[in-house]
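Hi,

Here is the structure I promised to pass on. Have a look at it first, and my notes follow below.

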Amino acid sequence: MSSHRPVGIRWFLISGLLTLSCAVVAALIAARFAPWELVAGNMIIRTQRGMTHTFPTPESGHLINIDNRTNFELSEAPQPRNVILMIGDGMGVGQVSAASAILHGPAGGLAVESAPITGLVRTYAGNDLATDSAAAATAMATGFKAPKTAISILADGRSPRTLMEALKAVGIRTGIVTTSGLADATPAGFLVHADDRYQYADIFSSILATRHDVLIGGNWIRHHKAKHDREYLDLVDRVDELGPLAGYSVIHSENDLAHAQTPVLGLFPPRGDSTDDHGPDLTITTQFTLESLARDDVGFFAIIESEVTDSRGHMNSIAGVVDAVREFDASVALAVEWAETRGDTLVLVTADHDTGGLGIIDGDYDDGVGEVRWGTEVHTAQWVPLFAFGPGAEHFSGVIDNTDIGILIAKLLGIEDFPDLEP
Ligand SMILES: [Zn+2]
């Protein structure tokens, strides 16, 4: 069919392609010489029905977001001693509202819904409206926008200090738990610096050298890309020898948690036949992490991440997403209850981006049939929810940027020179 297209359409396609290539070249040149500005131009938005809409892009973009907000005024209210940042990877508003209705009925009942303060978070990356976990983690961890796949390295090559590095330097205890690989983009963005998220061996060996108090994640031996990286797999194979050399107590199972000493490095096997999700139920590792980090009461910062919320979204599995939100929300309930008994701990629950663009489009009570639609199998630029509990929560209401999250946490925990481009 395509070989019999009228000349007009062919010419239209060729000229369109040429225009697009020129725009890409111009954008690349502009990025090379003016790394903090997006070239003013047009963005052509395509729709599923073949329509296109053209929108102007801003004169001055946010490739690095050098003008990010650093002038937050803290309220007079007591500030937190500890901060727990809980990240449902890919957990957009659609996932939370679907899980709420499906698990608890139309009036809801998830733990996150009891948050006294809620906000919405813009997640755009330095080079794309729809971000990935690497650029999103970089934004939260450093206060700067980065291109997709960058691990706390900016478009101009600079490596701003991460929140975890800044907090560790002043003696605040630090930990991260993920059901994804420990070397995956979200933990990596908070822990280390790398040109891109696919340098698994470099990322893993840099993580070993950080010596944070709690590092728990998956060994990632079945991940579709990491499993082909010989150098990475070799490091994982030798972790029982490399971990203690770097100062960690190394663990591999839920049973090991009972006698684990900090600094602890947990590398858990994949769950069942999953390639992306690892370890015991997130409530178990969450409980362990909070107890371990709170032990000597010098203040701590913990990140608790669920990967399942993202991996099931990529599969467009509504049952999978609902179950993932259920597990994650149970960890939120645990953390919030734990924090409430102390009164000195801020709990923030958010996502790095939305995955799948999920929406409930029908749910008739009488015929008992509902329907959901997925927009895509990849990430979207939808704003994501933020739920805040405890002292300091009031700073997170409204529509904020993902870069604001790290900057505010640093400020609340007494770090003044943050964001920090010259660590
Ligand atoms: Zn994803």
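**Strands and helices**

Strand β5 pairs with strand β9 (residues 300-306) in the parallel sense, over 6 bridges. Before I go further, please keep in mind that this is a predicted model: local features need pLDDT of at least 70, side-chain atom pairs count only at pLDDT 80 or more, and totals for chains, interfaces and linings use all residues. Residues are numbered from 1 along each chain as its sequence is written.

A word on terms. Helices (H or I, at least four residues) and strands (E, at least two) are DSSP runs, numbered from the N terminus. Two strands pair if DSSP finds at least two bridges between them.

Back to β5, which spans residues 173-181: 9 of its 9 residues are buried (20 or more other C-beta atoms within 10 Å of a residue's own, against 12 or fewer for exposed and in between for partly exposed, with C-beta atoms placed from the backbone). On the β9 side, I176 has I303 as its bridge partner. β5 also runs parallel to strand β6 (residues 214-218), joined by 4 bridges, and there V177 is matched with I216.

Helix α9 (residues 282-294) belongs in this part of the picture. Its buried residues are covered by elements including β5, β6, β9 and α11; here a contact means C-beta atoms, placed from the backbone, within 7 Å. Among those buried residues are L282, F288, L290 and L293. The helix has 13 residues and reaches 18 Å from its first C-alpha to its last, close to the 18 Å expected, where the expected span is 1.5 Å times one less than the number of residues.

Now for strand β4 (residues 117-122). This strand is joined to β15 by 5 bridges, and the two run antiparallel. With strand β16 (residues 398-401), β4 runs parallel over 4 bridges. If you want one residue to click on, try G119: its bridge partner in β15 is L386, and in β16 it is G398.

β15 (384-389) turns up again around helix α2, as one of the elements that the buried residues of α2 pack against; α10 (308-314), α11 (318-342) and β12 (359-364) are also among them. Which residues of α2 are buried? They are G94, Q95, V96, A98, A99 and S100. The helix itself covers residues 93-104, and its 12 residues reach 16 Å, close to the 16 Å expected. Just after α2, G105 takes a positive phi of about 90°.

Happy browsing, and best wishes!

Methods. Contact = placed C-beta atoms within 7 Å.
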